[in-house]
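Please look over the sequence and the model below before reading on. The report that comes after them is meant to be read with both at hand.

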Amino acid sequence: MSDMRTYKIFVIFHDRIDRKYFANAELDRFCFVNVNPANTNRYPDLPVLNLYELPHFIPLGKWYTESEVIYNVYRHPELTAGCDFVGFIHYDIDFTPVTRDFLKANLDRYELFNFQPLSLQQDFDQRILMDPDQPDTLQGAGKNCYVTIFEDYNAFYHTGHSYRQYMEATINLCSCFLMRQVRFREMMAFAAPIIESGKLNAFD
């Protein structure tokens, strides 16, 4: 019987995987998610999933690749069956510092691990837009995506949070984390209806 919490980490890639980034990884706990149909069968020795071959796959568009992976993994619970933790990471992020010993020591202590931590201020300052007046503008002056995210969060949970309260808080890139599966399901209970509403389509 295993002496460690079970987990599965989905590595999102579209081209070349740099194997040295995963030199310390327990590959039987990883799934390399290929999002590029032109990149099929490139790594026969790795556990690769072609995302677009999932039976209930729903594409979200080229600007939402990471969200597309997270959403479709959520839609296919068999992919994470039996896992205490679910995670995602980009193919070009060095995972070697996250050793088995680190995970064994910490999976019982924390519910969330940030693989790419930064402050909300840092991410806010990238000026990624979700601006109905500029739906085709990705970045610049206008309604910051975090304004919309907080509006959606407050509407869903009936709260009154302001992004200004959290500018110094540590967050992580949306597709670079490991969290308890129960928290992942709770998070997606909020995110999935937004995706399914078609709201994001206006900002392709």
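What follows is a short report on one helix, some loop residues and several salt bridges in this predicted model.

## Helix H4 and its ends

Helix H4 runs over residues 145–157, and its 13 residues reach 18 Å from the first C-alpha to the last, which is close to the 18 Å expected at 1.5 Å a residue. At the N-terminal end, Asn-144 acts as a cap, since one of its side-chain oxygens lies 2.9 Å from the backbone nitrogen of Tyr-146. After the helix comes His-158, whose phi is positive and near 60 degrees.

## Two sides of H4

Several residues of H4 are buried, among them Tyr-146, Val-147, Phe-150 and Asp-152, and the buried residues of this helix pack against helix H3 (120–124), strand S7 (170–172) and helix H5 (181–196). Asp-152 has a relative accessible area of 18%, and it counts as buried because that value is under the 20% cut-off. The side chain of Asp-152 makes a polar contact with the side chain of Lys-199 at 2.6 Å; leaving aside neighbours within four places in sequence, Asp-152 is in contact with Phe-190, Ile-194 and Lys-199.

Tyr-153, which also has its place in helix H4, is partly exposed, with a relative accessible area of 32%. Together with Phe-156 and Tyr-157, Tyr-153 makes a nonpolar surface patch of about 260 Å².

## Residues in loops

Most residues other than glycine have a negative phi. Against that background, Asn-41 can be noted for a positive phi near 65 degrees; Asn-41 is found in the loop between strand S2 (30–34) and strand S3 (48–50), where it counts as exposed at 70% relative accessibility. Arg-127 is likewise not a glycine and has a positive phi of about 60 degrees. Arg-127 is found in the loop between H3 and H4 and is partly exposed, with a relative accessible area of 45%.

Asp-94 is found in the loop between strand S4 (85–90) and helix H2 (100–106), and with a relative accessible area of 40% it is partly exposed. The side chain of Asp-94 makes a polar contact with the side chain of Thr-96 at 2.6 Å. Although Asp-94 and Tyr-21 are 73 residues apart along the chain, their C-alpha atoms are separated by 4.4 Å.

## Salt bridges

How many salt bridges does the count come to? The count comes to 11 salt bridges, and one pair to examine is Asp-15 and Arg-42, whose side chains meet at 2.6 Å, N to O. This pair links distant parts of the chain, with Asp-15 in the loop between strand S1 (7–13) and S2, and Arg-42 in the loop between S2 and S3, 27 residues apart. Arg-19 forms a salt bridge with Asp-45, the closest N and O atoms being 3.0 Å apart; here too distant parts of the chain are linked, as Arg-19 is in the loop between S1 and S2 and Asp-45 in the loop between S2 and S3, 26 residues apart.

The side chains of Arg-180 and Glu-111 meet in a salt bridge at 3.9 Å, N to O. Arg-180 lies in strand S8 and Glu-111 in the loop between H2 and strand S5 (112–114), so this pair ties together parts that are 69 residues apart in sequence. Salt bridges that share partners join Glu-111, Arg-180, Arg-183 and Glu-186 into one network. Within that network, Arg-180 is buried, with a relative accessible area of 16%, whereas Glu-111 counts as partly exposed at 36% relative accessibility.

Technical notes:
Residues numbered from 1 in each chain as written. Predicted model: local features only at pLDDT ≥ 70, side-chain atom pairs only at ≥ 80, totals over all residues. Heavy atoms only, no water. Helix = DSSP H or I, 4+ residues; strand = E, 2+ residues; numbered from the N terminus. Expected span 1.5 Å × (residues − 1). Buried < 20%, exposed > 50% of the residue type's maximum accessible area, 1.4 Å probe, protein only. Contact = heavy atoms within 4.5 Å. Polar contact = N/O pair within 3.5 Å; in protein donor to acceptor, adjacent residues only side chain to side chain. Patch = residues over 30% accessible without salt bridge, like charges linked within 9 Å, V, L, I, M, F, W, Y side chains within 5 Å. Areas by Shrake-Rupley, 256 points an atom, 1.4 Å probe, with all protein chains shown as cover. Salt bridge = Lys/Arg side-chain N within 4 Å of Asp/Glu carboxyl O.
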